[in-house]
Amino acid sequence: MSDALHTIKAVAQQTGLNAHVIRIWEKRYGAVTPSRTDSNRRLYSSEEVERLKLLRRATQGGHGISNIARLSDETLRELISIEPADAGPATVVGRPRMEVLADRIRPECVEAIVRMDQAKLDRLLSEALVDLGHQAMLGHVIAPLTVEVGARWRAGELTIAHEHFASDAIRVFLWNTSRPFAPSDTAPGLIVATPAGQLHELGAIIVAAAARNQGWRVTYLGTSLPAAEIAGAVRLNGARAVLLSIVYPDDDPFLAGELVSLRKFLPASVSILVGGRATSGYLDAIEEIRALKIGTLADLYPALESLRSRKNPAEAKP
């Protein structure tokens with residue numbers, strides 16, 4: 001292969017990756033190791049350019065960069081060449097067919113969001129629902145999709161308008177498709193919201209749909225709710241728990257105080273669950289209010305089941 005060296009601007013043009021993303025993949029994950037000029041400018045070999053192309057194709061197929069950044073080029077080529085026809089009905093070259101189907105749908109969903117094509121996005125999500133079922137669609141398509149949308153927004157590849165478009169389209173789709181699971185008035189109540197200052201709602205939308213699917217009586221409040229307003233909704237709805245989504249930013253100096261205030265406003269019997277990409281920035285406050293930290297969507301289901309089986313003191317009164 002050619003010994004030519006390429007600037008980061010040229011590499012971005014050749015690979016389709018944002019220059020910021022290339023730097024993150026290098027510094028955080030060790031995906032490539034470019035040489036440096038005397039003035040400390042990065043120079044990439046042709047082999048590294050080809051490797052970045054492979055990594056981009058693999059991430060577009062649903063593989064997390066943290067899991068594949070140090071794989072060999074040969075292994076990466078094997079990953080991106082997997083097709084459903086290569087194996088039987090249950091797996092594809094050692095991977096569950098469900099994952100392969102989801103990996104094929106997500107890049108098309110991203111493209112629909114980039115183009116703000118609501119009809120196409122709705123069609124793709126409907127196909128995922130039919131092929132995978134509600135719970136797997138949430139876990140394998142929509143949850144990773146929201147992570148990618150957020151990452152692209154932070155990298156400057158998508159605008160806030162794209163994020164709002166995706167949030168609204170997914171919210172409408174999930175609320176419409178979760179209607180068959182709408183519980184009775186006697187089901188345990190759950191308030192879902194993002195606390196004051198948190199304006200990204202995709203994570204909250206997903207957990208609200210997942211909880212509704214599990215038979216909870218969900219009241220979704222949306223974004224940036226002050227602690228007193230959330231507590232008021234709990235009292236009005238007789239909710240057993242509050243689920244907060246914390247995605248961005250991860251350094252809000254006022255959020256810890258909001259979490260502490262919420263705990264003070266709520267009865268001791270009401271549980272607080274907290275999840276989202278930015279929760280690690282508020283661990284002290286989360287521990288102080290004795291909230292249950294939810295790492296992934298898969299962690300949510302057993303947590304909700306445990307809360308549901310616990311006797312609510314308010315319900316125990318004669």
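# Helix packing and aromatic pairs

Arg212 lies over the face of Trp175, with 5.0 Å to the ring centre. This is a predicted model, so keep that in mind as you look around. Trp175 is a good place to start, as this residue also takes part in the contact between helices α9 and α10 and has Tyr220 as a ring partner.

**How α9 and α10 pack**

- Two packed helices are described by the angle between their axes and the distance between the axes.
- For helix α9 (residues 160-177) and helix α10 (residues 202-213), the angle is about 5° and the axes are 9 Å apart.
- The two helices are therefore roughly parallel to each other, since angles under 35 degrees count that way.
- On the α9 side, the contact is made by Glu163, Ala166, Ser167, Ile170, Arg171, Leu174 and Trp175.
- On the α10 side, the contributors are Leu202, Ile205, Ile206, Ala208, Ala209 and Arg212.
- By residue type, this contact has 9 nonpolar, 1 polar and 3 charged members.
- Both Trp175 and Arg212 appear in the contact, and these two residues also form the arrangement of Arg212 over the Trp175 ring.

**Aromatic pairs**

- The count of aromatic pairs comes to 2.
- One of them joins Trp153 and Tyr248 edge-to-face, at 5.0 Å centre to centre and with 85° between the planes.
- Trp153 sits in helix α8 (residues 134-154) and Tyr248 in the loop between β8 (241-245) and α12 (255-265), so this pair ties together parts that are 95 residues apart in sequence.
- Trp153 is partly exposed at 22% relative accessible area, and Tyr248 is partly exposed too, at 33%.
- Trp175 and Tyr220 make a tilted pair, because their ring centres are 6.1 Å apart and their planes meet at 50°.
- That pair links distant parts of the chain, with Trp175 in helix α9 and Tyr220 in strand β7 (residues 217-225), 45 residues apart.
- Trp175 has a relative accessible area of 25%, so this residue counts as partly exposed.

**Ala233 and its neighbours**

- Ala233 belongs to helix α11 (residues 227-237).
- Its relative accessibility is 11%, so Ala233 counts as buried; the cut-off for buried is under 20%.
- Leaving aside residues up to four places away in sequence, Ala233 touches Ile191 and Leu221.
- Between Ala233 and Leu221 there are 8.6 Å in space, C-alpha to C-alpha, and the two are 12 residues apart in sequence.

Terms used: Residues numbered from 1 in each chain as written. Predicted model: local features only at pLDDT ≥ 70, side-chain atom pairs only at ≥ 80, totals over all residues. Heavy atoms only, no water. Axes fitted to C-alpha atoms, helices over the stretch in contact; angles between N-to-C directions. Helix = DSSP H or I, 4+ residues; strand = E, 2+ residues; numbered from the N terminus. Parallel < 35°, antiparallel > 145°, perpendicular 65-115°, else oblique. Contact = heavy atoms within 4.5 Å. Nonpolar A, V, L, I, M, F, W, Y, C, P; charged D, E, K, R; others polar. Phe/Tyr/Trp six-rings, centres within 6.5 Å; stacked < 30°, edge-to-face > 60°. Buried < 20%, exposed > 50% of the residue type's maximum accessible area, 1.4 Å probe, protein only. Lys NZ or Arg CZ within 6 Å of the ring centre and 35° of its normal.
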